[in-house]
Amino acid sequence: STSYTAQIRIRRAGASVHSEAQTFDRRPAAAAWLKKREKDLEVPGAIERERGSRHTLGMAIARYIEESEKAIGRTKSQVLKSIMADEISLLPCDRVDSPRIVAYLHSLDAKPQTRANYASHLAAVFAVARPAWGYPLDREAMRDATTDGSAPPGHHRQEREARA
């Protein structure tokens, strides 16, 4: 049987920035899909969103664990794997914002110190994801989630008590 493959390749400054293909049984279906996808990708920022949505927080965490040059400790590894098992890890990197991080940290049935530990280990992933791999995790979102009073309750209590 005959099949038709519609293929899109977009290059900017000599480099491929987007490529995708879809196979159809009928030529008109392939042409219609191609026309629609090209129109969708013409919207400013569409290609960047497409690229960003392919990587999830869980993928970033898994890559961090896999590529971490210095051996990460058992606790850090356990914490990151625990985060990977949560729903938040399914979010595309570009959709992980500070309200979601705060909600996740508040959902933990744990002491404030433990929540702070989770935030700290997750922050390490945010610190390398964009510069090292181009994953669109926003470091500012992580910072915002753990400062300015939005941190889990008691997060800064020990520091304040130490100063008193």
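## Salt-bridge exercises

E20, K36, R37 and D40 are linked in a network of salt bridges (a salt bridge is a side-chain nitrogen of Lys or Arg within 4 Å of a carboxyl oxygen of Asp or Glu). This is a predicted model, in which local features need pLDDT of at least 70 and side-chain atom pairs count only at pLDDT 80 or more, while totals for chains, interfaces and linings use all residues. Residues are numbered from 1 along each chain as its sequence is written, and side-chain values use heavy atoms, leaving out hydrogens and water.

**Exercise 1.** Find how far apart the closest N and O atoms of D40 and K36 are, and place both residues.

*Solution.* Start with the atoms: the closest N and O of this salt bridge lie 2.8 Å apart. Next, look at helix α1 (residues 27–42), where D40 and K36 are four residues apart, or about one helical turn. Helices here are DSSP runs of H or I with at least four residues, numbered from the N terminus. Finally, check accessibility: D40 is partly exposed at 27% relative accessible area, whereas K36 is exposed at 52%. Buried means under 20%, exposed over 50%, and partly exposed in between (1.4 Å probe, protein chains only).

**Exercise 2.** Work out the spacing of R143 and E140 in helix α7.

*Solution.* First, their side chains meet in a salt bridge at 2.3 Å, N to O. Then turn to helix α7 (residues 139–145): the two are three residues apart, about one helical turn. R143 is partly exposed, at 40%, and E140 is partly exposed at 40% too.
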